[in-house]
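Here's a walk through a structure you may not have met before. Have a look at it first, and then we'll go through it piece by piece.

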Amino acid sequence: MSARPTVLFVCKSNRGKSQMAEALTREAARQAGLALEVHSAGTEATRVKKEAKQVMQEIGLDLSHHQSRFVDGELVRTATRIYCLSDSHRRDTVR
């Protein structure tokens, strides 16, 4: 388990909203000088949307290295905070 607080954003496919939330939170923590570990995952893993990459690029954040991840037990166990982007994501995460 990481000694740093860990945030996990969960959505359905981890291809847009949760990817952007991860990048924005990571950048905000960096700017604030906070030691925060940030992840995102989906109840289904697919691919990161090109539109999400483009929007984030417009504000100076690079998602080109991001990959869609499936939320697994290890991510859930090690997260200090989990933010689910809908109730259905929460239900699917705690199964």
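**Finding your way around**

Start at the N terminus and follow the chain: its elements run β-α-β-α-α-β-α. That gives four helices and three strands, where helices (H or I, at least four residues) and strands (E, at least two) are DSSP runs, numbered from the N terminus. Keep in mind that this is a predicted model, in which local features need pLDDT of at least 70 and side-chain atom pairs count only at pLDDT 80 or more, while totals for chains, interfaces and linings use all residues. Residues are numbered from 1 along each chain as its sequence is written, and side-chain values use heavy atoms, with hydrogens and water left out.

Now for the chain as a whole. Of its 95 residues, 37% are buried; buried means under 20% relative accessible area, exposed means over 50%, and partly exposed is in between (1.4 Å probe, protein chains only). Take the contacts (heavy atoms within 4.5 Å) in the chain with a separation of 6 or more: 78% of them are accounted for by residues 24 or more positions apart.

Leu8 is a good place to zoom in. This residue sits in strand β1 (residues 6–11) and is buried, with a relative accessible area of 0%. Leaving aside neighbours within four places in sequence, Leu8 is in contact with ten residues' worth of company listed here in full: His39, Ser40, Ala41, Val71, Leu75, Val76, Ala79, Arg81, Ile82 and Tyr83. Leu8 and Cys84 are 76 residues apart in sequence, yet 8.3 Å apart in space, C-alpha to C-alpha.What about Cys84 and disulfides? A disulfide is a pair of cysteine sulfur atoms within 2.5 Å, and by this rule the count comes to zero. Cys11 is in no disulfide, its nearest cysteine sulfur being that of Cys84, 9.7 Å away. Seen from Cys84, the closest cysteine sulfur is the one in Cys11, and 9.7 Å is too far for a bond. The surroundings of the two can be read off as well: Cys11 counts as buried at 5% relative accessibility, while Cys84 is partly exposed, with a relative accessible area of 27%.

Last stop, helix α1 (residues 17–32). This helix has 16 residues and reaches 22 Å from its first C-alpha to its last, close to the 22 Å expected at 1.5 Å a residue; the expected span is 1.5 Å times one less than the number of residues. Which residues of α1 are buried? They are Ser18, Gln19, Ala21, Glu22, Ala23 and Ala29. Their cover includes β1, β2 (37–42) and α2 (50–58). After α1 comes Gly33, whose phi is positive, near 75°.
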